[in-house]
Amino acid sequence: MKRFLATHRSSIGIVSLFFIVPAILFFPLLSGKSIFSEEFSLYYHHPLFSFFSKIVSTGTTLPLWSNGYLGGFPVYLTQVGFLHPLYWIFFKIANYISAYNWMTFLNVAFAGLAMYWFARALSLSRSAAIIAGFVYMFNQHNLYYVGINVFSNFYVVLPIFFLTA
C-alpha cells in the first residue's frame, strides 16, 4: 500500500483536486440546504425523480408507461437515465433530491477528470491538463445547464468521445 501511494501520489492528488473543488462549489446542494432551481429541472426532472425514487424504495416494478408527462410517455425511453446503476444506489440510500444533487456533482467531477485525461492524451503538460479540466468543468454552458441532468450526464462522455476519435 505504501508503494502504491508513493508511486501514484500525484495522480491521487489530481483526482482529489477534481473532487474537492466542485464539492466546495456544490456544498449547499450536497448538504441538502439547496436545490437546482432551474425551471426545466423543477417541472420535469424533480417530479420524475420523485416518481422513480418511490418505485425503487418500495421495490415495485418499473412501469412501461407514465401518464404524467406529455399525456403519456414510455418510462424506459426517457432521457433522464433512470436505468443508470448509480441512480439506483442513490435512490436506495437517499431521497430523490439528494440523489439528483449527488449525481450532478459526480457528473461535474468526472467530466473534469475526463477532460484532464483527454488533455493528457493530447500530450499537454500536467498543469495544462488540470487547467483544461477546470475550464471544462466550470465553463458557462456547463454551469448554466448542469441542473438538467440530460446535459450533465453527457458532460462526462464528451471528452471520452473525442479521445476515442
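This is a guided tour of a predicted model, moving from the whole chain to its helices, their packing and one residue of helix 7.

Residues are numbered from 1 along each chain as its sequence is written. Because the model is predicted, local features need pLDDT of at least 70 and side-chain atom pairs count only at pLDDT 80 or more, whereas totals for chains, interfaces and linings use all residues, and side-chain values use heavy atoms, with hydrogens and water left out.

**The whole chain**

Begin with a cartoon of the protein, which has 9 helices and 2 strands; these are DSSP runs numbered from the N terminus, helices being H or I with at least four residues and strands being E with at least two. Read from the N terminus, the order of elements is α-α-α-α-β-β-α-α-α-α-α. Of the 165 residues, 37% count as buried, where buried means under 20% relative accessible area, exposed means over 50% and partly exposed lies in between, with a 1.4 Å probe and protein chains only. Among contacts (heavy atoms within 4.5 Å) with a separation of 6 or more, 63% come from residues 24 or more positions apart.

**Helix 2**

Select residues 9-25 next: this is helix 2, whose 17 residues reach 25 Å from first C-alpha to last, close to the 24 Å expected, the expected span being 1.5 Å times one less than the number of residues. Show the side chains of Ile14, Phe18 and Pro22, which are the buried residues of this helix, and then display helix 6 (96-121) and helix 7 (126-137), against which they pack.

**The cores**

A nonpolar core is a set of buried Ala, Val, Leu, Ile, Met, Phe, Trp, Tyr and Cys residues joined through side-chain atoms within 4.5 Å. The largest one has 29 residues, and those with the most contacts inside it are Phe18, Phe26, Phe49, Phe82, Phe91 and Tyr116. At least two residues of this core come from each of helix 2, helix 3 (27-30), helix 4 (39-58), helix 5 (85-93), helix 6 and helix 7, with helix 6 giving the most, 9 residues. A second, separate core of 6 residues includes Ala111, Met115, Tyr136 and Val156.

**Helix 6 and its partners**

Now isolate helix 6, which has 26 residues and reaches 37 Å between its first and last C-alpha, close to the 38 Å expected. Just after helix 6, serine 123 takes a positive phi of about 70°.

Add helix 9 (residues 149-164), whose axis comes within 8 Å of that of helix 6 and crosses it at roughly 15°; axes are lines fitted to C-alpha atoms, for helices over the stretch in contact, and angles run from 0 to 180 degrees between N-to-C directions. That makes the two helices roughly parallel, a class for angles under 35 degrees, while those over 145 count as roughly antiparallel, 65 to 115 as roughly perpendicular and the rest as oblique. Residues to label in this contact include Tyr100, Phe110 and Trp117 in helix 6, and Tyr155, Pro159 and Phe162 in helix 9.

Then switch to helix 5, which packs on helix 6 at an angle of about 140° with the axes 9 Å apart, making helix 5 oblique to helix 6. Here Leu86, Tyr87, Phe90 and Phe91 in helix 5 meet Tyr96, Ala99, Trp102, Met103 and Leu106 in helix 6.

**Last stop: alanine 128**

Finally, select alanine 128, which lies in helix 7. Is this residue buried, partly exposed or exposed? Alanine 128 is partly exposed, with a relative accessible area of 29%. Its C-alpha atom is separated by 8.7 Å from that of tyrosine 116, 12 residues apart along the chain.
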